[in-house]
Amino acid sequence: LKKIKSNAANVDLSWIEIEETITKKDEALSTQKEKYELENLKYKLLLDSLHDPVCIYNKDLIVLYANHAFRILFNFPEEKLPAPLFEISRNFDFQNFLNSSVNTQGASKLNYFTFNQLQDPHKYYYDLKVFPVENIHSYLCLLHDVTERKMADLMREDFVSNFSHEVRTPLTILNGQMQNLKVSLLKDPKYDSTFAIYFEKIENNSRRLINLFNDLLRLSSVESKKEITKESIDIEEMLMFLSQDLLINYNDKNIKFDISLEQKIFWVDYNLFEQVLINLIENAIKY
C-alpha cells in the first residue's frame, strides 16, 4: 500500500508540473498572439488610411490583402479575401503587369496606366509600382493616382499645339506679304537700295519665328505620340530634302553638304527620325 501511495503521489506531482508548464506556455502564446494581432492591426490601419490603393499578392496572383482604397476602386468586399486577382479585376493589362513583376528582380513600375481604355474624359490615371516583400514571399502593389498631373500635361500639349498653329498662320501671311511688297518695290524705278537691308531683317526674323513655332508643333506631336510607326525609308533622299531646306534657312552662312552613306535604307519612324536629323544638323551649323 505504501508503495502504491508513493507511486500515486509521484504521478500527481508530475502532472501538476506539466499542467503548470502548459499554463505558462499558453499564457506566453496568448501574449505573443495579442502582440502580433496588435501589430497587424496597426499596419492594417496605416494602410487603410492611405488614399492610394494598395494590395499584397503572392506568386500565384492570389490577393492576400487589400486596403480600403483598393477595395473601393474594384468594388470588392473584404470578407472575400484572399481571392484570385482575376476575380477582382478583369483588366488584362493590369494582370499581365502584376504577373510580369513576379519574375522581375527588384521593383517594377508602369506610368500613366488607366483601367478605362475608351475615350472617356473622366477616366483616372495611375502610376503602378510593385515591390517584392521577401520575408513573406509576397509582392506589394501600389497604385498612385496621377490623374491631375496627366490632365495638366494634356492641357499643356493642347495649348502649345493650338497656340503654335494659330500664331504660325499670321506669321506666314506677313512673310508672304513682305515678299510681295519687296518684289513690287524692286520694279519701281525710284526704289532705294537701302531698303533691302530692312527687308532682309524682316524676312530673317519672321522665318526664325516660323521655325520656332514649327519646332513647338513637332515637340507637341512627339509628346502626344503613343506608338512609333516604323517604315522603310531612303535616308539619302531624306537628307537631300533636309539639306535644301536648311540651305534656304541659313543662306547667310557658307554651308556645304557632303552626303556619303554605306547604308541607305532604314527601318524607322519617318517624322521622328527626320526631327533627330534636323536637330543634329542645326546644332552643328549653330554651334
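Helices, in the sense used here, are DSSP runs of H or I that span at least four residues, numbered from the N terminus. In this predicted model, helix α1 covers residues 2–48 and contains I22. With a relative accessible area of 52%, I22 is exposed, and together with W15 and I18 this residue forms a nonpolar patch on the surface, the three sharing about 340 Å² of accessible area.

From the surface the description can pass to the interior. The largest nonpolar core has 23 residues, of which Y57, V63, F94, L98 and C141 touch the most other members. The elements that give two or more residues to this core are β1 (54–57), β2 (62–66), α2 (68–74), α3 (85–88), α4, β5 and β6 (138–145), and the greatest contribution, 4 residues, comes from α4. A second core, separate from this one, comprises 13 residues, among them Y250, I255, L277 and I285.

V63 shows what surrounds one of the well-connected members of the largest core. Leaving aside its neighbours within four places in sequence, V63 is in contact with C55, I56 and Y57, and also with L81, P82, A83, L85 and I88. Two of these partners, L81 and P82, are joined by a cis peptide bond, with omega near -5 degrees, and P82 itself lies in the loop between α2 and β3 (83–84). Most peptide bonds are trans, and most residues other than glycine have a negative phi.

The loop between α2 and β3 also holds N75, which has a positive phi of about 55 degrees although it is not a glycine. A positive phi is likewise found at L61, about 60 degrees, and this residue is not a glycine either. L61 lies in the loop between β1 and β2. The surroundings of the two residues can be set side by side: N75 counts as exposed at 70% relative accessibility, whereas L61 is buried because its relative accessible area of 17% falls under the 20% limit.

L61 is also one of the residues touched by Q95, which, when residues up to four places away in sequence are not counted, touches L85, F86, S89 and R90 as well. Q95 belongs to helix α4 (residues 92–102), and a polar atom of the Q95 side chain lies 2.7 Å from the backbone oxygen of S89.

The charged side chains complete the picture, for the structure holds 4 salt bridges. In one of them, K59 pairs with D60, the closest N and O atoms being 3.7 Å apart; K59 is exposed, with a relative accessible area of 57%, and D60 also counts as exposed, at 52% relative accessibility. In another, R71 pairs with E78 at 3.8 Å between the closest N and O atoms, and here R71 is buried, with a relative accessible area of 11%, while E78 is partly exposed, with a relative accessible area of 36%.

What does the salt bridge between R149 and D127 tie together? The side chains of R149 and D127 meet at 2.8 Å, N to O. R149 lies in helix α5 (residues 147–187) and D127 in strand β5 (residues 126–133), so this pair ties together parts that are 22 residues apart in sequence. R149 counts as partly exposed at 41% relative accessibility, whereas D127, at 5% relative accessibility, counts as buried.

Technical notes. Residues numbered from 1 in each chain as written. Predicted model: local features only at pLDDT ≥ 70, side-chain atom pairs only at ≥ 80, totals over all residues. Heavy atoms only, no water. Patch = residues over 30% accessible without salt bridge, like charges linked within 9 Å, V, L, I, M, F, W, Y side chains within 5 Å. Areas by Shrake-Rupley, 256 points an atom, 1.4 Å probe, with all protein chains shown as cover. Buried < 20%, exposed > 50% of the residue type's maximum accessible area, 1.4 Å probe, protein only. Polar contact = N/O pair within 3.5 Å; in protein donor to acceptor, adjacent residues only side chain to side chain. Contact = heavy atoms within 4.5 Å. Core = buried A, V, L, I, M, F, W, Y, C linked by side-chain atoms within 4.5 Å.
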